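Please look through the structure below with a few questions in mind. Each question is followed by an answer that works towards the name or value asked for.

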Amino acid sequence: MPDKHRTGTVRDINGPIVTIDLPGVRSGEQVRIGEIGLVGEVISLSGQQAVVQTYEGTDGVRPGEPAMGLGWPLSVELGPGLMGGIFDGVQRPLSKIALQSGDYIARGLDVPALDRSKQWEFEPSHDLEPGQAVGPGTVLGTVQETEVVVHKVLVPPGIQGELEEVAPAGEYDIESTIAHVRDAKGTSHRLSLYHRWPVRRPRPYHQRDDGVSPLITGQRVIDTFFPQLKGGKGAVPGPFGAGKTVVQQQIARWSNADIVIYVGCGERGNELVDVLESFPKLEDPYSGRKLMERTLLVANTSNMPVVAREASVYVGLTMAEYYRDMGYDVVMLADSTSRWAEALREVSGRLGQMPVEEGYPAYLSSRLAAVYERAGRVETHGAGSGSVTLIGAVSPPGGDFSEPVTSHTKDIIETFWALSKELADARHYPSIDWVTSFSGHVHTAAEWWHEEVDRRWEQRRTEALALLARDAELSRIVNLVGPEALSDAQRWQLEGAALIKEGVLQQSALDDVDTFCSPDKQFALLDLALSIYDKGMALIEIGVPVSELADMPQLAKARRCKSMYNSDQVAEIRTFAQEVEQAFEGIRLEYAKQSVD
Amino acid sequence: MSIKEYRTASRAHGGLIAVRDTPGVAFGDRVRITDSAGDTRDGQVIRAADEEVLILVFEGIEDLDLEDIWVRFLDEPVEIALSPEILGREFNGLGEPRDGRPPVLSNIRRPVGGSAINPAARTYPREFIQTGVSTIDGLNSLVRGQKLPIFSGSGLPHNRLAAQIVRQAKLKDEDTSFSIVFAAMGVSYADAKFFRDEFANSGVLRNVVMFVNLADDPPVERLTLPRTALTAAEYLAYDLDRHVLVVMTDMTYYAEALREVATAKGDVPARKGYPGYLYSDLAEIYERCGRIHERHGSITMMPVVSMPSDDITHPIPDLTGYITEGQIVLSRELQNQGIYPPVHISPSLSRLMKDGIGKDDTREDHPHVAAQLYALYARALETRNLASIIGADELSERDRRYLKFADDFDKRFVAQDEAEDRSIDATLNLAWDLMSAFPREMLTRLSETELAKYYRAAESE
């Protein structure tokens, strides 16, 4: 806490940008504006005057009203009680705000993020002894935050020294003392279950590590074709209606991360409610518990103040890093980074800064890069390995991927799931375009797949992509001269590609069975489609007409397999693959007989 | 603060005037400007500094003599008076009567700016609204609390479609009709009259509140009009427990007015001269619709957005599409073939459809029927393109089947009479009629049970 709140005066109100006279205020400092106490952040200084961006609407504020410096930068509270919560862009708890101010968000509210009255069952670490040296990241003990999340209580960054005492096991609220640490200068620090951390400063870690295992999302086109690693950074760009939000929600639902942080940044209120209402009911396929127990939402819908939208991404990232520091694999989804960039643009425009591309300020690319760089797999100070995977949705205006936000993002990320309007219009979902998407992690992911699922994974994946590329070429010919110009072999290639598209790539988020697909099932379906193609091609080479193969009922069933068998029924898919093989063998024998006759 | 009048107006341009030496004026406050003839105009403070405030004048600044006006700061936000009496009335963008009748008297006054609904207080919209239009009900279903715009172009029948929806919209198996809030921004006299007559002829007028700013009215007033209209909608929905359908036409003129003022203020332009905050500004309007916990009423929104040069990537439809829960897109090509309503289903979408349809809401086969129709139509359109290059005679038998499907779909499913109110059952049965032209094996999106129950190839052949 600062020694004393300094007060000054409001001079100029221009929408969310307020100029104040406040001697001694620092850049980045939190400020309360006006009689009603709107919260804002100093973004530039000039002499005694400071320019403040406010997180709330400024209607009704007058020049001459007071302004007060709070002495700290925008920070979040980190401690038990975050999981399952829904917070606004500056970490105010929205459910509590609803209790206080009703259906609409009132201004000037001061509600702490964490519940002060709730008691948590604290269990100190066994191996801690008074007198022991401790430092940032040392695990002081644990709290069962939800059924699935064990919250590790860590010594916060910046505190190093000798442990004086640790509280015994028992119930504590988050403000109770749970340890004292004496530093080298002899100062004793009181530690509680929570601490604050400034959101714009990345939390420290021991060292960075390479990603090693894929993030399994249960989505075939992602896991099998364009895999992401735990600790990776990826983008989902797409025009409106292409299904960005569904892709993000599917990852939030089904990925094998320990913690999911979903930041709804400038998006639709109704879609956030969908998450809010469905996650407490949906089951995590890994733990069997409700998804909400490992999920945290940051909601700053498009009609909420634009400056808080800019802050929301940092608020989400800081909470993600906090759980990473406990040794967890965290996935953070930011929907959408374009709205975040637009918030930067709006503020920079109001400050009269020189725009460069499409009105965006010159620092857009460096800010974007700095945000994505906070993702990664790290060796934490005291809790082993943890990771933050950051997946940002991008909403390019008019679906034009050459616009500044998409193109700068593309330079930074490693996995690019490009959504296509054409595929979405044809209701091919997820509409991830296999031509323009890429993943820089295929070789690393392959090691995992070869070890855990099947040694032929990388080879089969390459075969499928090659067939899809061939399909694109042939489709151009068909569009010019019609299908009659193609040979039987070429037409079978089109059939094979169609089978991959319908039987493997397309996956309905609404289908109870198909919404999640285990790695084993993913490979079984891919292998089924490709072996039908391979076997068929062998028959065509001995003269079987393509029409005979294309109308086989087994092909229709192969397309439906994904929703007929769930992830536990991979054996059934393999049995069906054998049936298909026998059917093809039957045709082969018949033809062999005919040609002998 | 005592209310004072100032004569210190110093500058005027683009709908704005600047007034010097006005200490303590609040940002967002309402302003009244009186000229020497005694005529008054309304305005709002859009920048408040010690030395100078900037005022947006809703009626525009034409013929204002800066030397000879009194500027009065009313020390209150821009507000509207609300009572059940607003139904059946017609107002301008400031909530003043346009119908020659006296102003609404009420002690309920609400600031038109509104505030953001707490996402934690919202309920997910899931009640299917039957509009009686097959392309909407069957393939892009509307639910209560959704915002679903009509993307149109000049000369396309978006007004007729909007009026048809207003006439026919109802909840399945429920009789309660909607209260209508109609917001017209920059539309022609003829278009406004069309709606007024429509409401009168269909007998819903007593359930309608109209907010009208015509093409020749001051453009700046268009900036408050949708906000005023939505404040009235919120009153009807949450104070009077009504289900409200808000029809707003035309959001493009709204955005153009916003650009006009932004340019005058010197805001940095983003795309096509529109300010960088166009997205946030549109969101403030669109996001006022929805459903709230434990409130009986709801606000459903159907804005009309005319796409300049039919370009869906133009900033106005583009940003709208990023905020709304889908869009109904009208096509000039279908219009030219004489098909009404010319709804092009491929780019059309309803994001909230998934939870409003199916077994308990419409019919169990609905989700798969929609998916199957979309898949068939996408393929059929490809075939139609192919046929236009190589000729229909060169097509395989299977492709000719698709070609015929495309034509049947346009003529029977998309097209319907303006007075035809198709029930959802009729729409789905029609869909099965069309799909039954294909062999069962080709209908891979439908389950075996659905095929067994509804497929009827024998009848159609």
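Q: Which elements of chain A are among those that cover the buried residues of α6(B)?
A: In this predicted model, the cover over the buried residues of α6(B) includes elements from both chains. Chain B contributes α4 (225–239), α5 (251–265), β20 (298–306) and α7 (315–323). From chain A, the elements included are α5 (306–324) and α6.

Q: Why is helix α6 (residues 278–286) of chain B described as largely enclosed by the rest of the structure?
A: A residue counts as buried when 20 or more other C-beta atoms lie within 10 Å of its own. The residues of α6(B) that are buried are Leu278(B), Tyr279(B), Ser280(B), Leu282(B), Ala283(B), Glu284(B), Ile285(B) and Tyr286(B). The helix is largely enclosed because the buried residues number eight of its nine.

Q: Which element of chain A gives the most to the side that touches chain B?
A: The contact between the chains takes 60 residues from chain A and 61 residues from chain B. On the side of chain A, at least two residues each come from β1 (6–14), α1 (94–101), α4 (269–278), α6 (337–350), α11 (457–481) and α15 (553–564). The element that gives the most, with six residues, is α4(A).

Q: How many residues on the side of chain A that touches chain B are nonpolar?
A: The residues on this side of chain A divide into three classes, with 18 polar and 18 charged residues among them. The number of nonpolar residues is 24.

Q: Which residue of β5(B) stands opposite Ile13(A)?
A: Strand β1(A) is joined by two bridges to strand β5 (residues 40–49) of chain B, and these strands run antiparallel. Within β5(B), the residue that stands opposite Ile13(A) is Ala48(B).

Q: What ipTM does the predictor give the complex?
A: For chain B, the mean pLDDT is 91, and 98% of the residues of this chain reach 70 or more. For the complex, the predictor gives a pTM of 0.92 together with an ipTM of 0.88.

Q: Which strands are the edge strands of the sheet β9-β17-β16-β18-β20-β14-β21-β22 in chain B?
A: This open sheet of chain B is formed by eight strands, and the pairing is mixed. Among the pairs, β14 (residues 150–152) and β21 (residues 326–330) of chain B run parallel and are joined by two bridges, with Ile150(B) opposite Ile328(B). The strands that pair on one side only, and so form the edges, are β9 (90–91) and β22 (343–350) of chain B.

Q: At what angle does α5(B) run to β20(B)?
A: Helix α5(B) is included in the cover over the buried residues of α6(B). This helix α5(B) also lies across β16 (179–187), β18 (243–249) and β20 of chain B. Relative to β20(B), helix α5(B) runs at about 75°.

Q: By how much are neighbouring strands of the sheet β12-β11-β9-β14 in chain A turned against each other on average?
A: Four strands form this open sheet, with antiparallel pairing, and the edge strands are β12 (150–154) and β14 (170–172) of chain A. Inside the sheet, three bridges join β9 (residues 120–124) to β11 (residues 139–144) of chain A, and Pro124(A) has Gly141(A) as a bridge partner. With direction ignored, the average turn between neighbouring strands is 40°.

Q: Which residues form the covered face of strand β7 (residues 75–78) of chain A?
A: In a regular strand the side chains alternate between the two faces of the sheet. Four bridges join β7(A) to the antiparallel strand β17 (residues 195–198) of chain A, where Glu77(A) has Arg196(A) as a bridge partner. The uncovered face of β7(A) holds Ser75(A) and Glu77(A), whereas the covered face holds Val76(A) and Leu78(A).

Q: What distance separates the centres of domain 2 and domain 3 of chain A?
A: The domain assignment of chain A places domain 2 at 120–196 and domain 3 at 207–441. Eleven residues from domain 2 and eleven residues from domain 3 of chain A take part in the contact. Taken over C-alpha atoms, the centres of these domains are separated by 32 Å.

Definitions and conventions. Residues numbered from 1 in each chain as written. Chains lettered and ligands numbered in written order. Predicted model: local features only at pLDDT ≥ 70, side-chain atom pairs only at ≥ 80, totals over all residues. Contact = placed C-beta atoms within 7 Å. Nonpolar A, V, L, I, M, F, W, Y, C, P; charged D, E, K, R; others polar. pLDDT = per-residue confidence, 0-100. Buried ≥ 20, exposed ≤ 12 C-beta atoms within 10 Å, placed from the backbone. Axes fitted to C-alpha atoms, helices over the stretch in contact; angles between N-to-C directions. Domains from an automatic or database assignment.
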